[in-house]
Amino acid sequence: MIVVHVAEGRALVWSAEGARRLREEHRLCGSPVGSLARQPRQNGRLGLPLLLLPEEARLLAEGGLGLLVRAPREGEEEEEEEEEEEDDEEGSEGRRDRYRAQLERSHSEQRQLALREKRTLLQAISDRIREGREAKRRRLRENRGEGDPDPPEEAGGALSDLNELESSFSFPLENTVVQIHTGCARDRPLRPLDWQVPSPDWPYPSDTSHTLRYRVFRDLHSRGHYLTTGGKFSGDFLVYP
């Protein structure tokens with residue numbers, strides 16, 4: 001079931017999987033309204049969340065294809081956090097310890113990946129390193145004075161560097177890439193919204209014009225058409241076969 005988050009009359013789908021299912025399985029298009037992380041200063045191409053028409057959201061709820069949920073009201077979130085802390089055997093200190101352990105594991109894994117990449121790079125340029133060292137020895141030999149000893153051979157060369165790489169390789173903790181969650185890391189209870197009862201988040205049941213638009217939308221959708229908003233052309237819907 002597709003979860004639709006409703007707030008102040010706007011129905012949003014935040015899940016990429018939900019957005020895909022809307023279009024591929026239910027022929028509901030919606031409109032992407034979120035900025036792209038790599039191109040935030042433009043509005044030519046947008047991403048999640050997907051903004052649904054009220055008629056699209058109602059069609060999902062009426063057909064049992066989606067679940068309309070509301071945001072927590074004032075005081076509800078604080079009460080839930082207090083209950084979680086009471087039920088949590090670990091407590092805040094235990095959660096911090098678990099988070100630190102997770103960071104250490106992530107750092108260790110990223111260090112191994114960086115070490116592997118460094119080893120691959122050294123192997124690829126080992127011939128160039130050897131040639132550079134030989135050229136350096138020739139220059140030292142040519143510039144040494146009388147009685148100066150011959151420049152020493154570098155034991156092992158590039159192969160020695162590869163063998164010593166494990167012990168000498170440095171990957172500071174501050175270089176660790178930290179995952180920033182775009183959703184709640186812990187499951188939160190969903191608060192189902194009664195779409196048949198008017199509320200501040202869903203005022204449409206008492207709106208007769210919405211009821212009329214919904215009947216038109218449902219009829220055209222049942223005939224296999226795709227519908228999007230028609231506001232650009234001063235209409236209610238754009239209909240595509």
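How many aromatic pairs does a search of the whole structure find? It turns up two aromatic pairs, and keep in mind that we're looking at a predicted model here. A pair of aromatic rings is described by the distance of the centres and the angle of the planes. Here is how the pairs look:

| Pair | Centre to centre | Angle between planes | Arrangement |
|---|---|---|---|
| Trp202 and Tyr204 | 4.8 Å | 75° | edge-to-face |
| Phe217 and Phe237 | 5.5 Å | 55° | tilted |

Let's take the tilted pair, Phe217 with Phe237. Phe217 belongs to helix H7, while Phe237 is part of strand E7 (residues 237-240), so their pairing ties together parts that sit 20 residues apart in sequence. Are these rings buried or exposed? Phe217 is buried, with a relative accessibility of 0%. Phe237 is buried too, at 17% relative accessible area, which fits because the cut-off for buried is under 20%.

Now for the edge-to-face pair: Trp202 and Tyr204 are both buried as well. The label follows from the angle, because planes over 60 degrees apart count as edge-to-face and these two are at 75°.

Rings can have other partners. Take Tyr214: Arg58 lies over the face of this ring, 4.2 Å from its centre.

Back to helix H7, which covers residues 208-222 and also holds His221. His221 is buried, with 12% relative accessible area. What is His221 in contact with, leaving aside its neighbours within four places in sequence? The list is His26, Arg27, Leu28, Leu59 and Leu227.

Definitions and conventions. Residues numbered from 1 in each chain as written. Predicted model: local features only at pLDDT ≥ 70, side-chain atom pairs only at ≥ 80, totals over all residues. Heavy atoms only, no water. Helix = DSSP H or I, 4+ residues; strand = E, 2+ residues; numbered from the N terminus. Buried < 20%, exposed > 50% of the residue type's maximum accessible area, 1.4 Å probe, protein only. Contact = heavy atoms within 4.5 Å. Phe/Tyr/Trp six-rings, centres within 6.5 Å; stacked < 30°, edge-to-face > 60°. Lys NZ or Arg CZ within 6 Å of the ring centre and 35° of its normal.
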